Structure formats: structure tokens, C-alpha cells
Amino acid sequence: MAQLFDPPAILGIKLFLIAITLAIAAVWVTFYKALPAHSGLLSPQQPIPFSHKHHVGDDGIDCRYCHWSVEKSSFAGIPSAQVCLTCHSQLFSDAPILEPLRESARTGVPIRWVRVHDLPDFVFFDHGIHLAKGVGCVECHGRVDRMPRIERVASLEMQWCLGCHRDPAPHLRRPQDVFDMASQPPRDASVRAQLASRLLSEQRLTDCSTCHR
Amino acid sequence: MPPVTLTRRNFLKLGAAAAALASGACSRPREPIVPYAHQPEGELPGVPRFYATAACFVGAAEGMLVESNTGRPTKVEGNTAHPGSLGATSVHGQASVLGLWDPERSKAPRRRGLPATRGALERDIADALARFRDSGGEGLRLLVRDASSPTLLRQLDRLVKRFPRVRVHRWDPLHRDRGREGARLAFGRPLEPLYRLEEAGAILSLDSRFLDDHPYRLNYARQFARARTPRDGQMCRLYALESAPSLVGAMADHRFAMSVPAIEGWLSGKNATYDTIFKDLRQNRGVILAGEALSPQAHALVHRLNAQLGAPVSYIEPPREETQPLADLVEAMRKGAVGLLVILEGNPAYDAPLDLDFGAALAQVPLSVHLSLYEDETSARCTWHVPSTHFMEHWSDARAFDGTAAIVQPLIAPLYDGVSPHELLLLLTGEGKGGYDLVRETWRDTDWDGALRTGVIQDSAFPASPVTPRVSPGSIPSQQQGWQVRFVADEALLDGRFANNAWLQELPRADSKLTWDNAALLSPASAKELGVANGDLVDIAIGERRLRAPAWVTPAQADASVTLPLGYGRSRAGAIGNGVGFDANPLRTRAEPWNAGGARVTKAPGRHEFATTQNHARMEGRDLARHVDLTHMDSFRKERPRNSLYPGWPYDGYRWAMSIDLNACIGCNACTIACQAENNIPTVGKDQVIAGREMHWIRVDRYYEDHRTLFQPVPCMHCENAPCEYVCPVEASVHDSEGLNVQVYNRCVGTRFCSQNCPYKVRRFNFFDHTPKDESLKAQMNPEVTVRMRGVMEKCTYCVQRITRARIEAEKQGRRISDGEVITACQAACPTNAIMFGDLSDEKSEINRAKRSPLQYDLLAELNTRPRTSYAARIVNRNPELKDG
């Protein structure tokens, strides 16, 4: 029997099949790598192995000591080397592990921490208003007081944001509890309703323009 | 390029490599968080801070508050306390922040074109000064553009003390010498008139351009708008005689396009129009303003006429200037009498009068030092070029037109190795201080902290002097008749100093709507006579001097005259400004800086392609930009929104809305640039503007109707029934609960259906990736606004980031946003408060007050889009006794 396809066509078919295989592989790798869990960003190495567990859980330092702008600004604030050195000029003042910190203070060159909670650039999140409305730190950041190395516990995908924006009441804490890692949202329905009454309408909370501009 | 030969093997190799690289590029980039090493006091990342400073663009200071986002100046706002701003900003003020971040700014000193150190400069100057020591500074010359800074004046005094024979010269291509000379003729002293336009019942502008490029333009614009607000059926009437299209003429109730000799002739001669206008001026507390193109004698005559009218004008006396003209300097340079020339800013090799031939004379100076932001035409001819610091990088001081002083304070350390004019002068005066100490010392008796905080030094305005003009200032010299050539500062580039500023290059000029070009402006009758149309080249010759330029026809131009905007045709402005437009300076002489007669204009072969943003100037029967006669305001009719079977959408919160008062709008374009700065709007370049792809979110439409120019700013209308929304296949264009029509960039797939269906054509599409690639330009971006990529539709958001900020602050305090708390970028910049913005659900809000005006109407109301943005019609106040104009 004569060959069904002539050699150039066979080459074309082979190339096509290879292209499909490569395309499937590329798509798979793309999605796999883009998933937060596999992107290596959930709990990256930091320039200094800073332990929130030690500072928050063991020593009981308030979040706002270091993240000082969290109530006033959209950005929570990352402490300057100077802030760290308020204690560490006395404690572990010559620990080799803190050398980057001392160097930063000495040279004025900032430490470059690796961002763990990274939102896309078209999303505008404001820490201040979330705290003011009773969304506690632990709600999004998890039990930071138990994390030797900071890690991300929430997906930070839009679906996850909307989960709360559509039905915020179960996620709200009393104002005095927002910085308390161990606190729970009140179970009492009337307290919940009272906390939720300070919010804007669900329509407003789910408007595109609330987070995108 | 050699022909591509690709074997099968190499193809597969490349393909595999590309796939591998592509898959590796998929993970998100690791973004660092960079905290401060030493936290500045009071700094709150994410919350901008504002610093009061000031800058001179048209000969006097404009006060401003510059927004700083964690140390980066990103946006300019006006300073309400400053008389040269009153809260408003000019296009130049807005665009100056782009100038700061321009990556093409000069970065290091150069000696004869080669990089050199500042130490070498200091040695060179010290050596030269050592030679001058015995002669008392003979041969040491200074050339300054602007000598109004009190600290600079103090330094010059000191320099004269050290070198008694030093000479300081001044050259500003946009000088106002004729007005000063006129005041000298009238009063014996170079006084400056300070008009109180607010009190005027009628204004006669003789080519005065008081809204365009007058040093007090923002203040006059605000006063003018107030005078034009009808009270008890009365409002200020404006007559304009003008030789070149200007905002003043566009706003006039009676406009006469006349050449400069014709205006001067009209002023001295008696005719019916003159009598009628002067009768009105006498009866209604009129005032006359004269422009720089008029002769000193005409200025003196105007002072006398104003005195006769009892016009609302006072005269202030600026401190005596000890500077000498440029011509004396050039003469000395030619004779070889100049050993060291220090040029503080300015670009005389480009813009000095042609008959002086400054560039050639400069070559004969053994040591010349040029301080400037860019390495420009003058730098190329000087021994030394020294990069100047931007005004946001140095300490200085500046005076507003009325004399009110302000401290120029830096917001950022110098980006490059530049020095301020004061610091360069220190090399000559031999003081061992910094710019800060110098300025501080000038104002040692004032409340320094208060001056920095408020942006003005209290009670520093020049006192008004009671004067009466002399009776006979001399007759007005007759000017050459025939074709007139009128030189004007380009409204965006001025004398060319903003040539490398893309925002200003792409800003549609008020009258012509041209971008990226200047043009020889001709009247329709003259164009017909010459047989030229838009884009045809014309030859303009005055004696031996000639110039070829593309023509642009505008009804605002006087017959038999041609207007040539300055500031173009730069050869060393930078990649953006080089070779754009034509240079009009080769026709400009010392004796005739603003108007030259006896010209020959002929049609030349060839055409030039212009980039204009509005190709049609008629409304074609649609009532878009409306105007109504003051006496017939009751007859103003507007469409009522059509009835609907459906109930209106219930809004339980804020309902944002805007109102634009066409009676106040002077068409200055400040809103367009302010919006551009606030909302990270890119420039697209001339070819893309020709393709109709400009990106401005708010444009100012211009119509010629009934012999007048009408301006109409058009942002997104935020329609209740928005036509863009129901054609979007991915719901990227949606309404929010406060009535904003929002564009969701991350949803947009770029079908452009919305833009197609928008009757107002306010949607803009990113055909290409226009995001800045340069780190320096990235720093200018507003961090509160998304930077859009290619393939995304965008448009006015009512400054949703400002609304959000106000809402967050209000919600934190558990209150509603109060009226006036949200000010959009366009509204803040507007010199005449033409733009109102606010919440319709607040009955007492300003926006509701504006919307209740009987002159309110909706644009294209017949489409039933129910726009949130509405307009108030312009009011025309014609003199019933005057038929023409």
C-alpha cells in the first residue's frame, strides 16, 4: 500500500503533535507555578529569620509597636531598623544573626524583606478601615503569634475577599479585640448585628470601585 | 539584516528554549518590602504629605502645595493662601512635576561637552576670579532670566560689593519691558498696575492676554470669573481687541481681531465703536488692560485713560532692578571685554533676538558657565554646563506679581549632581554657606515655620503707591503697515523651557486644539487670499529674515497678520522636544519683540501634517456648548428627562455628581493636565494623536459659534443610563452603588464596544503599552491609581481614589463625607472654580445649589442617558449699542 501521507505532511503532523504536547505541558506548568501554594511565596526565607512567634507569642509585643501605621494608613508599616534597635541595641546586641539589621542602621541602606502578602497592583487594600470596622489581624493573617517564620494563610484571591465582603458579620470583632490574636468573633447575634450595623451596605462593600480604581 | 536561515533542528531548539523560559516566567515576581533604615519624623507610608512651595513660570511666582508620597513629589495642587494661585494651578504648575522626573535632565557638569567634576568647575572659576580681583570684577558678567528672588537680589548685592565692576544683565524672552517702559513714561517710575477686576463693571482688553500668560493670570482668572457672575441682572462686560487668539478674546462679549497697529490706531483715533465702548466703561466702572505688544506710549495712554475712568487699579512698585539689557552684554562680548560669563538659567543662544547674534558672541568669551536643567543650545556653546536643580529640589524664594514672597522649599534631595542658582553664585560671592542658610538669612526676621507651613510670607506684598499719570505721555509711534507678524509665547511650552515635557507637548492648545506643533496662525480671509489651507506651508519674510512654517487657519486671528508661537523648533531640548515645530525666533528682533510689520507672506510648496484633537469646530445645529444672553436668561430652555416606565434606581448613599459652569470656564486646560498627573494618564505621541488615540480623560472642546469661541470641558458624564454598560460583554463597565460608572481594568478585554457606544466619546483605549519604562518616570506615578496596560479601556473615574480616601476617613470617624471634602483633580486645578463636584443626596451641598441653576442643562439630553455631569450655560453680555464684534 502506498503511503497515505507524503513526507512533508508527516513532518507537519509530527510537529503538530509535539506542539500540542508542549502546549499542554506549558499550560500545566504555568497554572501549577502560579498557584500560591507552589509559587514558593507562602513562607519565603527572609533576610533575617524574624520570628513573630517569639516577639508576639512569647514576648507579647503589640502588633502596632512595629506596624505602627496600621490604623492610620492603608499600609500597615514595616519597622525601620531603628525601631528594631530600640530593643536590640540592648538585647542580642551582637548576635551574628542580627548583623543585617545593624548594618542597615549603620549604612542607612534598608533591609529588603520579602513580601508575603502581595496583592495585584490593581487592588487597593486599606488596613486602617478594616481595623476600624472590626476586622482583626488574625482574620486575614492567621495566628501570627504561632508562626516562627511568617507565612500566608489566606489565598488573597478575590473570591476570598468577597467571602467576607458579602457576609461580614461573622468575621467582625469588638474594637478592643482586633489586635488580640486569640480573640474570637462574638457569638451573640445581637452583638454581631450591632458590629455589622457600623458597616456600609453589602452593595457598597461589593462595588468594584471599593477595591479597584 | 541578513536573511533568516533556520534549520529544523534550530527551530526545535529555539522553540524548546522559548517554552522553557515561558514556563519559568510564570511565577509571580518576588516583591520586596523596603522599610526605612531611619524613619523620618511624622512620615506615614501610604498617606501623602503636602509641602508649600512656589515656582515662577511667567515672570512671577505661583504658589503651590506639592504632594509627596513617601518622599516622591507626584502632584501639584494650588495654594489657597498664595495670591498667585488662590488654590488654582496653571498647566505649567501641573506639568512641572513631570519635569522633575524627566530622565533627560542634565545629570552631571560638562566642560566643553565632556563630563567633568564640580571640583574642576570650582577651580576654573577661582582661577578666573583671581584675575578679576585687582580690576574689581571688570570682565565678570552675569546673565539672569529672572531676578525677582529676594535671596538672589541679596546675593547680587553682595557680589557687587566684592566686585564693584561686575555687571548683571537680564534676558527673559517673555519680558514685560514695554509695560514697564510705559509706566515709566506715565509715572516716571516702572510701576506695575494691579487690577481689581472683581470690581470692574466692564473690561477693555487691548491685546492684554491677562488670562493667558500674564504673571498674575490665576488671580485675574478668579477675579474675572467672580466679576462675570450675574448679580441683580448685572455682570461685567468684556471687550477684547486682540492680534492673536487668546483666552481673553474667547471669553469676550465683543471681540475684534485686529493687528497691533490697528489696535493702537483705534486707541488714538475717534470712531463710533470707541465712543460706545468708552461710554460703557465710564458708566460701569470700566478698566482698560494693555498687552505687551503695544508700544510704551500706548501703555502710558492706557494708564491715563484708567485714571480718567477712575478704574479699579492700584500701582505697586517692585524693587528697583539693577540689571542691564542683553544688548550691552553682547556688545561687550564682541569686544572681548567679557572674561567670565555666568548664565543663570534661560537659553539665550536659542531665544535671544536674532539681530544680537548671541551665539556667535558667546564663542568669544573665554570662560562661560551655563546653569540649566537641560544641556541645551546655550550649554553647547558654553565652556561649562552645570546642571541646575529643579525647584522641587532646592531652597529659594520667589515673589508673586503683587510682591507677596514665598519660600521655595525642596521636597526631595537633588536627583542628579545639580546646584541651585544660589549655590552657583556662592562660587562668585565666596560665602561658605548652603542654599538653605542663604534663604534663611534673607528671611531671618520672619516667622520661618509659618512661612513654610502656609507657603506665603505675611505682609510682604508691595505697597500700592498713590500716583497720577502725566498728562502727555507722548504720541504713539506709527508702526509699519502691511502684513504683521505677531510673536506669542506658546501657551504650553512658553519660551521653549517646557519643550521636553510630553504632557505639555500633547496638550491641545486652547484655540487650535493642536498638539505636538506650533503653527503660523492665519485668518480665514487671509488664508483664502494666499490660497492656503491647514497644513500648507507659507513663507514669511521680514526684510532679509525669512521663515517657512505650516499654516493653521483660525477665525480668532486678525486679517493680514500671522501669529507665530515661540518655544518650538528646539534642537537640543531632549528626545521629546527636538525638532518639534518651527523656531520663530529667527524673525524676532530686539526692536520688535512682539509684533513686526511690513512682512511678506507667500504660499510655499509642501505640506505639514498636524495632530489636532478636534477636527470640527461647528456644532451643526446640536446645542452642545450653550450660551444665553444676559437679558434673556429667562428664556433659556432645557430638555426635561424623559419619563420612564421604570422607577428610578434607588440610591441610599452618596450620589456623586459634577457641574461645569461654562460661564466660568476660560478654556485654560489646567483640568486636563491636572487629571493627567493625578490619574497616571500616558502621552501617546504625535502619530497616535493623528490616529485619534489621545488619552486625556477630560478634554476641552472648542466651538466657533455666532462669532465667538465656546469652550466645553468634557469628562465622563457618569450617565445613569450609561450606553457603555450594556454593550460590555464582560461587565467591565458597570455602575456602582453611588452612581459612578466604573471601568474595571482587570475585567476589561478590550473589545472597545463601550467606546463605540459612548455618545460623548470620553472613553480612551490603550492601543499600546504606554506605561513608563524609565525608573525616574515611574516615580511620578500616583500610587493610588492603577497604571493601565495595553488593551484596556479607561476613562474619568470622578477621581474615585479621592472619594475612597474621604470615605475611609469619614467611616473611621463614623460620619458622612461632608460637602467639599472630595475635590477632584480637575476641580482643584481650575482657576475659575468652573467645576463643582459633590453629593446630590445632601440637599445643602454646593453641587445641589449649582444644579438648581436655571441655566443647567445636560449634554445630548435627547439620548436620555441622564448624565451625572451637567453644564451651566455661558452668559453673554453684549452691549446693545454695539452692533459689531
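This is a walk through a predicted model with chains A and B, going from a helix pair to the chain contact and then to two sheets.

Let's start in chain A. Two packed helices are described by the angle between their axes and the distance between the axes. Here the pair is helix H4 of chain A, residues 81–88, and helix H5 of chain A, residues 99–107. Their axes sit 9 Å apart, and the packing angle is about 120 degrees. That angle makes H4(A) oblique to H5(A), because the roughly perpendicular range stops at 115 degrees and the roughly antiparallel one needs an angle over 145. As for handedness, H4(A) goes past H5(A) in a left-handed crossing. If you want to click on the residues involved, H4(A) brings Ala81(A), Gln82(A), Cys84(A), Leu85(A) and His88(A) to the contact, while H5(A) brings Leu101(A), Ser104(A) and Ala105(A). Sorted by class, that contact of H4(A) with H5(A) comes out as five nonpolar residues, three polar ones and no charged ones.

Now over to where the two chains touch. On the chain B side, 40 residues are in contact with 46 residues of chain A. Which elements of chain B give two or more residues to its side of this contact? They are helix H1 (8–24), strand S1 (32–33) and helix H24 (800–812), each in chain B. H24(B) supplies the largest share of that side, six residues. The class make-up of the side of chain B that touches chain A is 20 nonpolar, 13 polar and seven charged residues.

S1(B) deserves a second look, since strands pair across the two chains here. Strand S1 of chain A, residues 113–114, is joined to S1(B) by two bridges, and the two strands run antiparallel. To find the spot, look for Trp113(A), which stands opposite Ile33(B) in S1(B).

Staying in chain B, we come to an open sheet of three strands. Strands of a sheet pair through backbone hydrogen bonds, either parallel or antiparallel. In this one the order is S2-S3-S4 (chain B) and the pairing is antiparallel. S2 and S4 of chain B are the edge strands, each pairing on one side only. On average, with direction ignored, neighbouring strands of this sheet are turned by 35 degrees against each other.

Take the pairs one at a time. Strand S2 of chain B (residues 49–56) is tied to S3(B) by eight bridges, and Phe50(B) stands opposite Glu67(B) in S3(B). The two strands form a hairpin with four residues between them, and in the turn Gly59(B) has a positive phi of about 95 degrees. On the other side, S3(B) pairs with strand S4 of chain B (residues 72–78) over six bridges, again in the antiparallel sense. Two pairs help you line these strands up: Val66(B) has Val76(B) of S4(B) as its bridge partner, and Asn69(B) stands opposite Arg72(B) in S4(B). This hairpin has two residues between its strands, with Thr70(B) in the turn showing a positive phi of about 35 degrees. Is S3(B), residues 61–69, mostly covered or mostly uncovered? Seven of its nine residues are buried, so the strand is mostly covered.

Further along chain B there is another open sheet, this time with four strands in the order S36-S29-S38-S37 and mixed pairing. Its edges are strand S36 (835–839) and strand S37 (856–857) of chain B, each with pairing on one side only. S37(B) is joined to strand S38 of chain B, residues 869–872, by two bridges in the antiparallel sense. In that pairing, Tyr857(B) has Tyr871(B) of S38(B) as its bridge partner.

The loop between S37 and S38 of chain B holds Leu860(B), which has a positive phi of about 50 degrees although it is not a glycine. Leu860(B) counts as partly exposed because it has 16 C-beta neighbours inside 10 Å. Compare this with Tyr798(B), found in the loop between strand S35 (793–794) and H24 of chain B. Tyr798(B) is also a residue other than glycine with a positive phi, here near 60 degrees. Tyr798(B) has 25 C-beta neighbours inside 10 Å, so it counts as buried. That loop leads us back to H24(B), the helix with the largest share of the chain B side that touches chain A.

Methods: Residues are numbered from 1 along each chain as its sequence is written. Chains are lettered from A and ligands numbered from 1 in the order in which they are written. This is a predicted model: local features need pLDDT of at least 70, side-chain atom pairs count only at pLDDT 80 or more; totals for chains, interfaces and linings use all residues. Axes are lines fitted to C-alpha atoms, for helices over the stretch in contact, and angles run from 0 to 180 degrees between N-to-C directions. Angles under 35 degrees count as roughly parallel, over 145 as roughly antiparallel, 65 to 115 as roughly perpendicular and the rest as oblique. A crossing is left-handed if the near helix is turned anticlockwise from the far one by less than a right angle, and right-handed if clockwise. Two residues are in contact if their C-beta atoms, placed from the backbone, lie within 7 Å. Ala, Val, Leu, Ile, Met, Phe, Trp, Tyr, Cys and Pro count as nonpolar, Asp, Glu, Lys and Arg as charged, and the others, Gly among them, as polar. Two strands pair if DSSP finds at least two bridges between them. A residue is buried if 20 or more other C-beta atoms lie within 10 Å of its own, exposed if 12 or fewer, and partly exposed in between; C-beta atoms are placed from the backbone.
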